[in-house]
Structures are given as structure tokens and as C-alpha cells.
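Please open the model in your viewer and keep a selection tool at hand. The stops below follow one another, each beginning with something to select.

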Amino acid sequence: MNPNQPPPPPKWPDRLLNRLIAPHLREEVLGDIHERYALRVQRLGERAARRTYWREVLAYVRPRFIRREQPKHPQPTNTTMLRNYLKIALRNLAKNKAYSAINIGGLAVGMAVAMLIGLWIYDELSFNKYHQNYNRIARVMQSATFEGAFGAGSHMPLPLGNELRTNFADDFTYVVMASWNGEHILAYGDKKFTKQGSYLSPEAPDMFTLKMLRGTRAGLKDPASIMLSESVAQALFGNDNPLGKIVMIDNKLNVMVTGVYEDLPYNTEFRDMTFIAPWALYVSSEAWVKRAQDNMEWNNNSWQILAQIAPNATFDAVNAKIKGLRVKHVPETAPYKAEVFLQPMSRWHLFTGWDKQGNLEGRIQYVWLFGLIGLFVLLLACINFMNLSTARSEKRAKEVGIRKAVGSVRSQLISQFFSESLLVVACALTLSLLLVILALPLFNEVADKQVGILWDSPVFWVSVVGFSLFTGLIAGSYPAFYLSSFQPVKVLKGTFRAGRFASVPRKVLVVVQFTVSVTLIIGTILVFRQIQYAKNRPIGYDRNGLITVAMNTPELHNHYNALREELLRTGAVVDMSTSSTPATDLNSQNIGFDWEGKDPNFNAQFGTIAVTHDFGKTVGWQFKEGRDFSRAFSTDSAALVMNETAAKYMNLKTGSPVGMIVKWNGKPMRVLGVVKDMVMGSPFKPVYQTVFMLNYGWANVINIKLNPKESAPESLAKIETVFQKFNPGSPFDYKFTDQQYALKFAAEERIGKLASVFAILAVFISCLGIFGLASFVAEQRTKEIGVRKVLGATVFSLWGLLSKDFVVLVTIAFSIATPLAWYFLSNWLEKYEYRTDISWWIFAVTGAGAMGITLLTVSYQSIKAATLDPVKSLRSE
Amino acid sequence: MRRSDLGEFEEVVLLAVAVLSPRAYSVVIAEELERETGQTVSTGAVHAALQRLEQKGYLRSELGEATPERGGRRKRLFTVTALGGRVLSEVRSVRNRLWDRIIPQTILKWS
């Protein structure tokens, strides 16, 4: 080392200043302090110099030296180019307003449909997940194979609950007995409401993990207690504290409010369970339930059993243990392969039924169906988008040539076209979100849902943004990679021509679009045909002006005749009767029937309904043979009327059952008559064999036939005054039978409506697509048309020339769609036993319709092109 | 011209540049001022003042040669501009006029 060289200064300030000082000042600043240090070392020695050094360094720590130099060219070229791309993209969109509208609008509609369907599917799949024990809750069910047909149900015998609780304590955390959710009157002071609720075992709130707003989940331990949902508590008590208040159920049971729970959300099975009363109260207040419990009635399947399996148990293992319980206690069921099993909560909503072979089915089919439709609609929109952008992009070959000539490299062109298509997708995404927000209320109403946009769900955003990126990249890929590969010389000289087969992919895509659209149209028509077919079915009784009133208080049971006379006296009523179920609902099926000549191995099962003498006249049933119940014959109290199906079901050699004796559980009853089949269950299924017996005690509803000569509101007002007199404790709630009957079509109508909306949208999107393509083709062939016109072509022949291509495509699409639709729809119809057939005219109408729409769409463009003055089209070059 | 444009330290630095010209840069100016005033003057403070003066147009600068003790870094050399010169002389004449008007007895009392 040179002895004249002073020792170098400490290192740390260099590092500090190198980071802090603005780059353009670093050289002079560091040089200065180093030189100063060297001078100090010479003058004062190294130690003193080091001591003062930090002050020197800190003197430079001031904004003046730290602030970075302002660049001379504020925007780097990169963003300038991006700005140019954006500008060109926006100019292109603005220049071709029609294309842009079709492109963005079509894609937005497609995305909106996909989003709605996605939200719907999400809602379906998250059904019941509100309950934290979702994965371990199950419903106990039993299945049997009856006459070769598999059937399963959740009506369970009462003693089974105890059996599961005591003998399988290790497998279950909770076993909850449950009544069916039913309407009951809740009264507090002079406030009375009819509310739906259930009687459940005390563990239920724990099992359902109810969110308690007041009180605790242990509120059902005392039999004289009740837990209310938030909304019921609000209705009964307003803002007062309901805890400890006494509420009366059905005008007979006094119970104390011990808890208030948060309303169960709309997408849970128990959303209508607005109050919970203890199971023990149910047993003690209902004689027939008490009897079933005391006598261990294993044959009375009238209740639900819900259970939560233990943390270490699995559904399969528990199923294996409990499956024999039914046969063990009711040996007669052995020939029907009766089995007890658990249906996990995750299956309740989507797998509600079994086909005759015992395979699960249910709403999951609709989840698949709509998922598929959503996917297809989206696909249609994407196809449009791609078709139009590729078709347009050929017009931009010149631009590509110029850009390349002035120095664009290929990667820049690729990013230009990608950024353009992403811009369009971003516009479409914004528009589709707007559409979804606007359409959600309507959609919720049609689909019977309460879904909202999942603003705060990352999954939602990731999928939306991911999808948009995907669409943008796919749609932009053709222009990006194909156009950017052009040789500028060829393009600019004008020798560039799109290959002969350049339009083939586009044609294929149009065929795909129309195949999907035509299939959807055929499907929609058939769904509506099926609904209409079932609606037109003769139902065997007169539902006009028929209302039902629930008999839920003891007062109504004991005054049948007085009530009837009073009602008749008002003149508003033609007749009144009571029955065990309303005419729109058959909920009781029993075995234990016997008659002369019955095959001893045939275990007959009938629907059983208790009626009164006046039932027939009230509902207007029609006799095929025999006679109605009559007060003139006292022996009619041991008699029954059966429907046609039941008469056939008995398979009698003599033909008619009228006059025969049929025994039910040993009790003999004479068959008085046979009525025409009444559609009480699903209108899509065959009528169930049913017998009607006289029983004034087994009554759950009052049927009233209104006088058709008077207006319904007036009649109802008169009836209400009578009911207030006889049943002051409860509100007068009635249901119109025709409305109840219409509800049976709700599921199918919902699907029909949704499917038709989606089909219309699909057709709309497809039409947008060919509209755009047709105008593009017309524009491309302007010169050709001009020359043809000069040479003498007529408008009609030009119209034919331009429309021909599309007609061919639609014909191909139609011939693919027909067998496809036929295959899927005949599968769908299979599940309805009462079904319409797929007639040829549906296909014919759809085909003609699709062709008509296509021609209309194309004609607009082709006629416009054909009527253009050839002077104009040929002059410009 | 507003007088407040030139702070006291700035004035001294400007003068020092004039004195040391054409070899004036922050280190020698700081050393010079230390010698003249007997107080520690950091290079950073001088450098900042130089930049301010340059912004005001009283100085101009260019990069000079590198030396070994600077670690091979170049120095920034400052020279007084015509404007700077005028400002300096104006400040001086104001001072001189005021000095001249002080009665001699007063000065005697101080010393």
C-alpha cells in the first residue's frame, strides 16, 4: 500500500449514502466526503477524522440530496405503446358500433346467464350447510321393495327412536324424534298467528346448532316450553323480551318461551320451522302418539327420526348395524327386504328420491341440467365473440402490415390483439354484472331462491375474473397468432387473400350454436307440453270454489253438525264436510286389508282417507258404480267407497267390488261404490289405490264448497263470522284447493320457465352471431354483388346467394339436434309415469322456427346488400 | 431584487466561491470557511447551499477531474455567474454605505 495514500474511510456510510442519495448526485457527494475525510486524516489524524465523519455523512441526509431526479421523458415507450393499443381498440369499437354492440352485448348476456346459473348451483350445493354438524346429521329412513318396485320413505315408527338411542348409544351423538312440520296456532294475549313448527326432542337445538339470540339451547328440557324463531318472537312480542312469557299452542297447550333462535336461512331444509316445541309435550297431548309410545307400535310409521352420528362413526358402518331393525321388530316385512338406513344431510336436498331400481335421483339432475345449459349458453356467447373477432380481424390485415413495416415485432402485435379482446371482455363483464344485479330479483322469484351476488367471496371473483381472462385469451388467440404472422409485403401489396378454408372453423361454430339452440327449444316446448298434458288430466272432482280449513283446535271437532248447519244457513256455502286429508293430498297408506278371494301372498296396500257423509257432495266426486254414503242407512258407518284404481288393484274375478266385504285390520266394511279416480297426489303419477271410510273422529281438515252464485270474498267473510263464533281462539285461515293443486306443478313450471328463458337467450345469442356474420359476409362481397347486379342479377337471386350458406348450416345443425334432443328428452320423460309423447310436429315446428329466424336475421343484411346501388359499390377502390 | 434571496451562509459561500475560483468546490470551500470562521463547517451544508445558489442562478457548475482520495470520483466545480457577481457587489455596497455612516466614536467603544 502506498504510504502517501490515506487509510480509506469506514464502509458503512458509503452503503447508507449509496442507498439514500439520488443517483445523479452520488458521484460528487461520495467523492466530497471521501476527500474531506482524507484531508482531516492528514490534519488531525485518523481517529479524530473518524469521530467527525458521521457528522459529515449526516449532513447529506436531507431531502435535497435524497429526492430523485425527475426523468426527462416521463412516460417510458412501453406504456405509450399500450396507450396506442387502447386508443386503436376504442376507435375500432367506436367505428363498428353494431359489431361492438353485438360482441359485447352477446358476451355479456352469456356471462350473465352463466353467472346466474352458477349462483343457483352454488346455492343448491350449499343447501343446509348452515348447520355446523352438516356432515354428520342424517335422517333415518326405511326402504322396501314392493311388487318389484323400490321405495323409500322417512315415515318411521316411534319405538325405533328409543331403540337407536339406547342400543346404539356409541354410534349416535343425538337421536331426535320429530313430528312433521305443521301449522299450529300460537297465541299470546289477543295476538294469534298460524305458524309452522315442529315438535322435537330436546337435543334438536344442539344438533342443528341453532344460533340463540335469547335463552340457551337447553330450552326444550321442560315439556311445557317452546323455542321461537326470531321472526315469530317479533310477531308475537314486538320488541319485548319473550323469555318467560306464556304462549298458547292450538288453543289448548300453555307453554313458556325459553329461547329465541335466529331464523333459519332460506336455503335450509327447516327454513319453515318457525318454532320448536318439546317432543314430550307432543306425546302427552296427542292421545294417538301416547298410545303408539305406550304400546310400542312398530307398525305405525308416522314420525321422523333425525340423528347425528358420533364423531368416530361413519354412515356406512352405522347403516350396516341398523339395517335389520325393521325386520327384527316387524317380521312380516321380511319378504319386502325392508331396511332401515341413514340418509346423510348432504343428500337431503339434491337426492330426494329413488327410482324403481333403488338408484338415487332428485334435484341433482337439475343441477346438472342447468349447469350444462349455462355452459352451453356461455359457449354460444364465446363462439359469437370468436367468430366476430376473427371475421373482423381479416379487415385489419392492412393495419398489421403497416405496423410491421414501421417496426412492430410480432410479440407486440400479439399483445395488441390480446389487449383488445381483453378490453372487450372487461366491458362485457361489467355489463353482465349489471345485468345480473337487475335480473336477480326476478330470477329469485322464478327459481324460488334467495341468492345474491357473492361480493365478498374470493371464489366468486377468482372464477369470474379467471373465466373472463380465459375467454379473452381464447377469443383473442386467432387474431393474435394468425394475423401477426402475415408478411407485410404481401398484405400491403394486396396479394394477401384468406385461404379457401379460412371460414370452415367459423361454419363449424355456427353449426354448434344452432345445434344447442334447437335442442334447447325442443326441450322447452316438451317441458311445457308435459305440464299442459298433466294439467289437462281429468282430476275426478271439482276444485272450483273449494276451500279447506285446518282443524287444529278442539272446539271444531265436537260441533260438526252445528257448524255445518250454521254455514249452510249463511247461503254462502253449498256444502261442508270434514276429512282426514285435503283432496289435494294423500298422506296415509296402510296395509292389513283382506277380502274374499284375495291371494294370501298379496300384501295389499291402500291409501286411506276418513270422510263424512257430505264429503262426496262437497268435492263433487263422480260415481262409476254403486252409491255414495247415505245417512239413510245406519250400516254405512261400516262401509267404504273406493276409487277405480283400487277396484282394479283388487284384481277381482267377478269384476265389480260393489257389495263385497273388505276387512281392514279385521274390521269388516261393505264396499258401497266406486268413484272415478281423483288425482290427489302428483298429477304426473298414476292415481293411487284409495279407500274412503266414514269416520267423524279422524278429521284434520274442513272442506267447504262455496256457493258459485256469490262472490268469493263475500262468502269468505260470511264463513269467517261463523268460524269466529265456533272457534274464537284461532285465526280463520283457509286455502283454495285449485291453488293447492296448482302448487303440484310448481317444480315443473319453474323448470319450464327457467329453461324457456335460457332457450330464448340462447337463440338470441345465436341470432346475434349470424347477424354479425351475415353483415360481415355481405360487406366482404359488396364488389361481387355489384358486378352481379350490373350483369343482371335480380335482388331475389342475390338474396338467395347470400342466405344459402346460412340455411345449409342451420339445416346441418337441425339434423344433429333432432336425434340428440329426442334421446335426452325421452330419458327425461321416462321418470314421469303420466307423460305426453314426443310428437314429430315439435321437431317440425322447431326446425321451421329456427329456419325462419335465421332467414329473417340474414335477410336483413342480404337484402340491404342486394339493393345497394352497384355504382356506389363499384366506384370506390 | 429581493435581499432575502441571499441568506447569510449563502452569501459567505458565494464569496468563498469567488475567492477560490476557478477551483471552487464544496470540500475546499468548507475547509476555507472553517479556517476563516474557526467553526466546523460540514461539506453537506456547503453543498446544499451551493445547489440553492445554482438554482437561483448565482452559480453555475461543471464536473471536474477525479483524484485518488475521492476514490476516483469527479468533483463538481462552481463559478460565480454575472448575476451572482452583481448580487455580491450590491450586498457589499449596502454594507459599505451603512458602515460609512457609523460615527467613529461608536466603533471605538466596541473595541
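Begin by selecting strand β22 of chain A, residues 639–643, which in this predicted model is mostly covered, with 5 of its 5 residues buried. If you display the side chains, you will find that Ala639(A), Val641(A) and Asn643(A) point one way from the strand, whereas Leu640(A) and Met642(A) point the other way, and all are buried.

Next, add strand β24 of chain A, residues 667–675, to the selection; β22(A) and this strand pair in the parallel sense, and 5 bridges connect them. To locate one of these contacts, centre the view on Met642(A), whose bridge partner in β24(A) is Val674(A). Then add strand β25 of chain A, residues 690–694, which runs antiparallel to β22(A) and is joined to it by 3 bridges. Here the residue to pick is Val641(A), which stands opposite Phe692(A) in β25(A).

Now turn to the aromatic rings, and select Phe593(A), Trp595(A), Phe606(A), Tyr649(A) and Trp664(A), which together form one aromatic cluster. Over all chains the count comes to 33 aromatic pairs. One of them is the edge-to-face pair of Phe593(A) and Phe606(A), with 4.8 Å from centre to centre and 70° between the planes; the label edge-to-face applies because the angle is over 60 degrees. Phe593(A) lies in strand β19 (residues 593–595) of chain A and Phe606(A) in strand β20 (residues 605–611) of chain A, so this pair ties together parts that are 13 residues apart in sequence. Both Phe593(A) and Phe606(A) are buried.

Which charged residue sits over the ring of Tyr266(A)? Select Arg271(A) along with the tyrosine, and you will see the charged end of the arginine over that ring, 4.1 Å from its centre. A further place to visit is Lys535(A), which lies over the face of Phe745(A), at 5.6 Å from the ring centre.

For the last stop, colour the segments that the unreviewed UniProt entry lists under "transmembrane region", namely residues 101–122, 366–388, 417–440, 460–483, 504–528, 754–778, 790–818 and 838–858 of chain A. Isolate residues 366–388 of chain A, where the chain is 100% helix and 0% strand and the end C-alpha atoms are 32 Å apart. Then isolate residues 838–858 of chain A, where the chain is 90% helix and 0% strand, with the end C-alpha atoms 31 Å apart.

Methods:
Residues numbered from 1 in each chain as written. Chains lettered and ligands numbered in written order. Predicted model: local features only at pLDDT ≥ 70, side-chain atom pairs only at ≥ 80, totals over all residues. Heavy atoms only, no water. Phe/Tyr/Trp six-rings, centres within 6.5 Å; stacked < 30°, edge-to-face > 60°. Helix = DSSP H or I, 4+ residues; strand = E, 2+ residues; numbered from the N terminus. Buried < 20%, exposed > 50% of the residue type's maximum accessible area, 1.4 Å probe, protein only. Lys NZ or Arg CZ within 6 Å of the ring centre and 35° of its normal. Pairing = 2+ DSSP bridges. UniProt positions renumbered as here; feature names shortened; annotations may be inferred.
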